[in-house]
Structures are given as structure tokens and as C-alpha cells.
Amino acid sequence: MEINNNTPWQDMTEGGTIYDAGNSKTFKTGDWRSMKPVFHPDKCKQCGLCFPVCPENSIPVNKEQKREDFNYDFCKGCGVCSKVCPFGAITMEEEGK
Amino acid sequence: MSIRERLSGNEATAFAMKQINPDVVAAFPITPSTEIPQYFSTYVDNGEVDTEFVAVESEHSAMSACIGAEAAGARAMTATSANGLEYMWEMVQIASSMRLPIVMALVNRAISGPLNIHSDHSDAMAVRDSGWIMLFSETNQEAYDNMVMAHRIAENKDVLLPLMVCQDGFITSHSIENIELIETEEVRKFVGTYKPEHYLLDRKNPISMGPMDLQPYLFEHKRQQWEAMKNAKQVILDVAKDFEKLTGRKYDLFEEYKMEDAEYVVVCMNSTAGTVKNVIDRLRANGVKAGLLKIRVFRPFPGEEIAKALSKAKAVAILDKTPILNLTGGPLYEDVTSAMYTLNMNVPTIDYCYGIGGRDVTESQIETVYSDLQNLKDMSNPYRFLGLKSK
């Protein structure tokens, strides 16, 4: 069921109950971010420290067990990944610069 | 066959709950409703019901447990009074906004402070716009009957709102009167099995309940609650019709006592109505055309119907069993007069604050109300106090 900003009250679900499971994918929260992590693949050693600490699961890891670039749809820019990176492969920059 | 018994209001309510056999009862004891969960826990211990009884640590938790249970797909009930209801206030709003048809027995008691455990309606009035259906009961019989009807109303798919059945603390809850009970089998047939369309434990159809509801949505969800309240009015009447077929006892949105030609009318709720009826009988014998409008359904408020019923009166007195601290009238007065104003009816109407903190309500007090109504001249101050000690 598609409910958006223009849905009239008659078409909304009672109590706001959501009948489609797994719907949080469609609610993109990345625009809450004020600081943005930037990935520098040249410095990355694929040590695997960054993705387990991401609270938003916004560091995708591929089948070869290698991390890829950030998923900015959900990354909120908390900076934990940047702190744990021993190689300076993740730097924090101001959003919208 | 009905069962003739003599029970207090609390016993009658607990007995109705036993007959309904809900899935979950979560409650915390508070005077004067304590006996309801107390009796009910005995039924649980005796194996007379299948209910999961949750002895919670507070009323906030009682309502929270009911919300969790009802959302999971269970039929949940609770009972409380006064400060207990105030303590669950936050969750009371959550229950109605999540559209969970929880049923509560509210035994009306004064809200402290200073500390008082006796009957007035200040607890119910503090949650009067929380999106709960509110039924008031004059007697133990009405408290029982309203409870038997409650789930059919609350769980109706056009309604899906929580419901509270109110009765006066001690006056009704602890006084033993004759009562006609319905056979348990008949009650269960009448109430039916709870089959929610959507519930959390439905593994095949996973849902999320109570999500974040920001600027584009909350307004519309509140409008839906308004619609549900509106629908409830007809559902209440339909269920009452079925109940009448089962028991012969007739219920409406309100009861009119000698109203056909009434000139002087009292409007009140709960046990006071019995006292008023006695006074009316005596006044009628003396040629005074006195009448009573006793409100049963307080939420949704049947404003239009009440205003019409009062339209032919010469004068009306509203009895508000609630401390009036706003200088503009008690809740019942405000609701009735605004309904009359909306329909362009101008019947002199005065407001009495009475029975506060369990102050005895006597027939002689009610007589003074009717004599005031017959001699209304000065309407400059419609706010009065009945039974107040004053210099």
C-alpha cells in the first residue's frame, strides 16, 4: 500500500499500522547527516574494522569480503568508522560544502 | 434463563469479566476498584478462566501490558480508579491512537489531593477526550450489562476504539443490590471470539504498529479517530438492540425518565440518577413536571440528541460531579450547553458542582435543584455548588 504526503485521511491505515514488512528501506534517512565520511580506496587495506561498527549498516561488503563505498541513503555521518580506521582511509567532511 | 443474584458493582463487573473470559488481564490494585482484579485473580487461580493474569507493578504498566497484549492479537482488560487512571494517562492515549479495543472498568473516584478515596467523576473527566468510548452506569446491573456489551462495541471494525465502563466508587462498586445475570454460555455467544484483522503475532502477515507519525500523517490519523467515534454511536445502539433481544433490558445513548412533558429537567450520570428519580416521583405527585436525562454514553457525546430531548424544557440543571476549577462550568455543562447553542436552542441552563470527594448526595439537595429551576430569574451566574458548606 502506497501512503505518501498527499494521502487523504480516508485512505490511511488505522493507527498508522504498516502492513508491508521491511519497509524501512523506502524511508531514506541519509539527509539527516551534517558530516559525511569519504572513502579513500587507495589507502584502504580491507582490514575489516569499519563495517562492523557502523550503526546503520551503511558500509556494504561484497562477496569477495571487500568493503565498497558508503550507502549515503542511510549513513548519518556519526564518524565511528573514521575513528576506527587505522589507515586514514575514511575522512570526515562537512556535508554540502 | 437468567440468574438472580445479589452482587456489588465490583463483583458484578468481575463476574462479567469471568464470563467474557479475556485472554489477558493486567491490573494494579487501587481503591475502590481493587476488588475487581482481586476477584478476577481468584477465578484465574481456580481455573475458571483461561486468562493470563499479569500482576503489574503500576497502572502505567497495566495499560502498557494491555496495549502489548491487544496489539499481539489478544483480548485485554483492566480495572482502575482515580490516581491509577492518571498514572496510566500516557498509555491511555496510546491505546486509543493505536486503535486497540481494550476494555477497562473505571470505578470513579476523586483524584487526589488532598487524599480522598471516595466517589466523584474527576478521574473520568480527566480522560474525557482521550479517544475512549465512555459508558456510565447507574447501578450494578448497568455496570454488568455495559461490560457485557463493551467488546462488541469496541471491537467492531468500524470502531476499533478502547472502551471504559464507569460506575461510582463505593456507592455502586461496594453496595450489594439485586442483579439479573446472563448465563455464561449466553454471554460468550453474545460477546463472541476476538478475531482481529491485523495483529502482531500473525506470522504470515508481519506488520508494524505505532510507527513514527510526523507532520504529513498525524492529523489524518486523528481525523480517523473522530470518524471511529462517530461510527461508535450507531454501533452502540445496534449492540443495545441485540442485548435487548437477549435480556429484555433496553439501553440507549441516554435514559429519559418522565421526560415526555417535563418542564424542569436534571441531567446527570451514574448513581445520582437513582436519587433524582425518587425525587421526581415525589414532585410529580405534587404536580411538578420534573424529569431526568441520565447520560449513559458520555463519549461519543450524543450532543444533538440530548439538545433535542431538552428543547421543550423550561429550565435545565446539569449536575457535574467534578470539581469545577475553570470558572466556565463543568465538563457535562460545557458539552450540553455547547450542543444546545449549536442547535440554536436557548433553554435556561444552570450548572451544579456536587458530590465532590464522595460528599453525600441527598434527596433534599436534589429537591432544592428542582425548586431553583422553578424559580430561575437571575441567570447572570449559572455556576452553583450543591451540598457545599458555606457561611
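Me: In chain A, what share of the contacts with a separation of 6 or more comes from residues 24 or more positions apart?
Reply: Residues that far apart, 24 or more positions, account for 64% of those contacts in chain A. Two residues are in contact if their C-beta atoms, placed from the backbone, lie within 7 Å. This is a predicted model: local features need pLDDT of at least 70, side-chain atom pairs count only at pLDDT 80 or more, and totals for chains, interfaces and linings use all residues. Residues are numbered from 1 along each chain as its sequence is written, with chains lettered from A and ligands numbered from 1 in the order in which they are written.

Me: Which elements does chain A have, in order?
Reply: From the N terminus on they run β-α-α-β. Helices (H or I, at least four residues) and strands (E, at least two) are DSSP runs, numbered from the N terminus.

Me: And how much of chain A is buried?
Reply: Buried residues are 15% of its 97. Buried means that 20 or more other C-beta atoms lie within 10 Å of the residue's own, all placed from the backbone; 12 or fewer is exposed, and in between is partly exposed.

Me: Switching to the contact: how many residues come from chain A and chain B?
Reply: Chain A gives ten residues and chain B gives 17 residues.

Me: What about helix 7 of chain B, covered or not?
Reply: Mostly covered, with 15 of its 15 residues buried.

Me: Where does that helix bend?
Reply: Helix 7 of chain B bends at B:V148, by about 30°. The bend is the angle between axes fitted to the seven residues ending there and the seven starting there.
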